[in-house]
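Here is a walk through one chain, with the model open beside the text. We'll start with a term, then go from the whole chain down to single residues.

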Amino acid sequence: AHPAPHHSHVPAHSTVALIEDEPEDMDPWDMPELKDTGVPWSALDTKGKVLRVFVSVGKIVLLLGFLYMFICSLDILSSAFQLVGGKAAGDIFQDNSVLSNPLAGLVIGVLVTLLVQSSSTSSSIVVSMVSSGLLTVQVAVPIIMGTNIGTSVTNTLVATTQAGDRSTFRRAFAGATVHDFFNWLSVLVLLPLEVATGYLYEVTKLIIDSFKIESGEAPDLLNVITDPLTESIIQLDQSVISGIATGDPEARNKSLILKWCKTFTNTTLMNVTVPGPENCTSPTLCWVDGNYTFTLKNVSETYDVRKCTHLFVNVNLPDLAVGLILLALSLLVLCSCLVLIVKLLNSMLKGQVAAVIKKILNTDFPFPFGWVTGYIAILVGAAMTFVVQSSSVFTSAITPLVGIGVISIERAYPLSLGSNIGTTTTAILAAMASPGDTLANALQIALVHFLFNITGIVLWYPVPFTRIPIRLAKGLGSITAKYRWFAAVYIICCFFVLPLFVFSLSLAGWQVLVGVGVPILVLLIITLIINVLQKRKPGCLPAALRSWDFLPLWAHSLAPWDKVIGVITAKCCCCCKCCQVSSNDQEHGVQESAEKNKKVHTVYDNLAMSAEKEVEDEIKIELKILEMTRL
């Protein structure tokens with residue numbers, strides 16, 4: 001009997017296959033040993049010890065400085081996104097007929113959060129719409145779920161800055177996307193549940209009704225330190241986006257850049273002419289004089305008192321131009337700070353220090369209490385996020401640490417879950433500070449967000465078997481380590497193409513959405529089931545389905561796509577005249593790098609190397625092109 005075909009001759013083509021198809025002798029997910037390259041402390045003389053202390057203190061100060069700049073640049077990035085896409089975000093929210101479809105609501109939440117780069121901003125827009133009566137809380141629930149997904153794109157983008165080294169990139173990308181997978185899986189379960197039972201709405205309504213809540217003041221924590229810098233660069237008028245979303249005609253023509261930081265509104269009772277007696281404020285306050293009708297009315301006039309002092313206050317540029325300038329600058333600062341932070345951490349975390357930190361972060365409690373560690377990590381994640389007031393800042397800060405191997409993915413997962421809870425506590429406090437008439441709605445939406453995350457954690461964390469996001473993230477990490485361009489494909493497809501596709505279908509009506517969506521969904525589910533069976537019980541499947549070999553190679557492997565992208569980048573590179581190396585050097589370099597590449601492939605890509613034996617020569621040529629243009 002012929003045994004079930006093994007996948008050694010085909011590159012792995014499913015996340016399930018990627019989890020276990022690694023070389024036997026070396027697990028790429030093992031934490032790298034952080035080697036001590038310096039002179040031991042005991043071997044230093046007094047001068048050396050003093051110098052070592054000074055250098056260490058200097059590094060810590062620099063690290064805090066870069067971290068401060070990193071957090072400020074994320075803040076400015078959010079402002080830049082609002083300037084570029086804020087009005088569009090307000091417009092997206094205006095189409096109420098589309099919003100009533102839960103799937104469209106979810107996708108709108110994702111898109112708006114991507115446009116304003118802040119889940120707290122997008123959820124505050126939702127709150128203002130609910131309190132102005134444009135949305136009901138039930139309709140707002142899926143939008144809040146969407147904001148949760150949209151906010152996890154930031155740390156995925158941060159992970160792509162570490163694409164230089166394969167093993168670092170594998171860990172960093174998996175550490176970032178574990179957050180994405182948690183959000184997507186939670187939505188997959190809780191959105192249908194919410195549509196069927198209204199679970200989140202009913203429970204939060206019960207909580208709101210049973211408590212008598214007084215409005216208070218939300219605390220400013222990290223903002224106290226970062227605001228002086230960010231407000232000296234740009235200040236935005238947050239009421240404009242909410243105004244567009246709630247349909248205020250004046251808001252559309254207003255600039256988002258705040259010009260006057262202090263205004264004074266004076267309300268006076270004065271005589272006003274109105275078209276007719278029916279327009280009077282009350283019959284007693286109505287006078288008719290010839291063709292004119294007078295009434296007493298409160299008239300508010302706003303006087304500008306003090307101008308703002310930020311950089312763009314007197315700049316006569318449109319919002320879009322200012323937004324693009326800030327976007328470019330903040331991305332530049334963000335990326336350079338990240339690179340410098342990683343370099344500093346790499347130089348600081350060597351030897352004893354690293355061993356201690358690594359041990360503290362990744363060691364479990366002794367035997368009977370081992371399970372407690374994860375929950376403490378969730379609490380730590382929540383507390384840290386509460387302090388920095390933003391989940392994207394916290395998750396973006398731990399992503400490089402996962403990359404250099406200080407935090408394991410298994411530990412980064414509960415920390416990310418904690419950050420999800422931390423960001424909702426911030427929202428609850430912000431809701432508490434809202435005025436009396438909007439308080440109940442604002443608080444209910446914040447509690448929906450909180451309950452969504454808690455339920456997600458209950459689904460995907462307590463039982464080790466249910467920690468599917470870790471397995472999926474590791475699978476994706478392995479794919480992106482092998483084919484680095486796949487990271488960009490993942491980000492574009494998951495956060496832009498898919499939401500826009502669903503949004504455009506929902507604009508066409510729910511019949512179209514069901515007609516197109518259901519067959520695609522069924523196809524995906526069948527493919528997933530076959531993949532799992534191929535891995536676990538190939539005997540159950542008919543002979544043809546035991547591997548995907550019956551499909552053309554491009555349909556079940558990324559290797560041909562890799563070659564295509566290699567050729568395209570080679571052509572682009574030649575256009576940019578970066579191939580102007582002397583021919584001798586080039587040949588010598590290509591030979592060396594082809595050998596290197598073979599070594600790399602034996603460690604990570606042994607599957608890809610053994611694929612397509614019959615076109616080995618072609619692969620060699622492609623490798624040369626690839627090596628000449630190695631990113």
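A quick word on exposure before anything else: a residue is called buried under 20% relative accessible area, exposed over 50%, and partly exposed in between. Keep in mind that this is a predicted model.

With that scale in hand, take C493: at 37% relative accessibility, C493 counts as partly exposed. The sulfur of C493 is 7.1 Å from the closest cysteine sulfur, which belongs to C494, and that is too far for a bond. The cut-off for a disulfide is a pair of cysteine sulfur atoms within 2.5 Å.

**The chain as a whole**

The chain has 631 residues, and 45% of them are buried. Its secondary structure comes to 25 helices and three strands. Now for the contacts: if you take those between residues at least 6 apart in sequence, 77% join residues at least 24 apart. As for the outside, the accessible surface comes to about 32,300 Å², and carbon and sulfur atoms account for 67% of that.

**The sheet**

The three strands make an open sheet in the order 1-3-2, with antiparallel pairing. Strand 1 (260-274) and strand 2 (286-289) are the edge strands, each pairing on one side only. On average, neighbouring strands of this sheet are turned by 40° against each other, direction ignored. As a reminder, strands of a sheet pair through backbone hydrogen bonds, either parallel or antiparallel.

How many bridges do strand 1 and strand 3 share? There are 14 bridges in that antiparallel pairing. If you want a spot to look at, find V272, which stands opposite T295 in strand 3.

On the other side, strand 2 and strand 3 (residues 292-307) pair in the antiparallel sense over four bridges. Here V288 has T293 in strand 3 as its bridge partner. Strand 2 and strand 3 form a hairpin with two residues between the strands, and G290 takes a positive phi near 65° in it.

**The cysteines**

The structure holds one disulfide. It is formed by C261 and C308, with their sulfur atoms 2.0 Å apart. The link is right-handed, with 115° about the S-S bond. The pair ties together distant parts of the chain: C261 sits in strand 1, while C308 is in the loop between strand 3 and helix 12 (319-348), 47 residues apart.

Are the two ends of this link buried or partly exposed? C261 counts as partly exposed because its relative accessibility is 30%, whereas C308 is buried, with a relative accessible area of 5%. C72, on the other hand, is in no disulfide; the nearest cysteine sulfur, that of C337, is 9.2 Å away. C72 counts as buried because its relative accessibility is 3%.

Here are the accessibility values for the cysteines covered above, along with two other residues that come up next.

| Residue | Relative accessible area | Class |
|---|---|---|
| C261 | 30% | partly exposed |
| C308 | 5% | buried |
| C72 | 3% | buried |
| C493 | 37% | partly exposed |
| T226 | 5% | buried |
| A487 | 3% | buried |

**Two buried helix residues**

T226 lies in helix 10 (residues 223-233). Which residues does T226 touch, leaving aside its neighbours within four places in sequence? They are Y68, I71, C72 and D75. C72 is the cysteine we just met, in no disulfide. T226 counts as buried because its relative accessible area is 5%.

A487 has its place in helix 19 (residues 485-507). With neighbours within four places in sequence left aside, A487 is in contact with T160, F169, F173 and T480. The C-alpha atoms of A487 and L476 are separated by 8.7 Å, and the two residues are 11 apart along the chain. A487 is buried too, with a relative accessible area of 3%.

**Helix 5**

Helix 5 (residues 119-131) has 13 residues and reaches 18 Å from its first C-alpha to its last, close to the 18 Å expected at 1.5 Å a residue. Its buried residues are S119, T121, S122, S123, I125, V126, V127, M129 and V130. Just after helix 5 comes G133, which takes a positive phi of about 80°.

Terms used: Residues numbered from 1 in each chain as written. Predicted model: local features only at pLDDT ≥ 70, side-chain atom pairs only at ≥ 80, totals over all residues. Heavy atoms only, no water. Pairing = 2+ DSSP bridges. Axes fitted to C-alpha atoms, helices over the stretch in contact; angles between N-to-C directions. Buried < 20%, exposed > 50% of the residue type's maximum accessible area, 1.4 Å probe, protein only. Contact = heavy atoms within 4.5 Å. Areas by Shrake-Rupley, 256 points an atom, 1.4 Å probe, with all protein chains shown as cover. Expected span 1.5 Å × (residues − 1).
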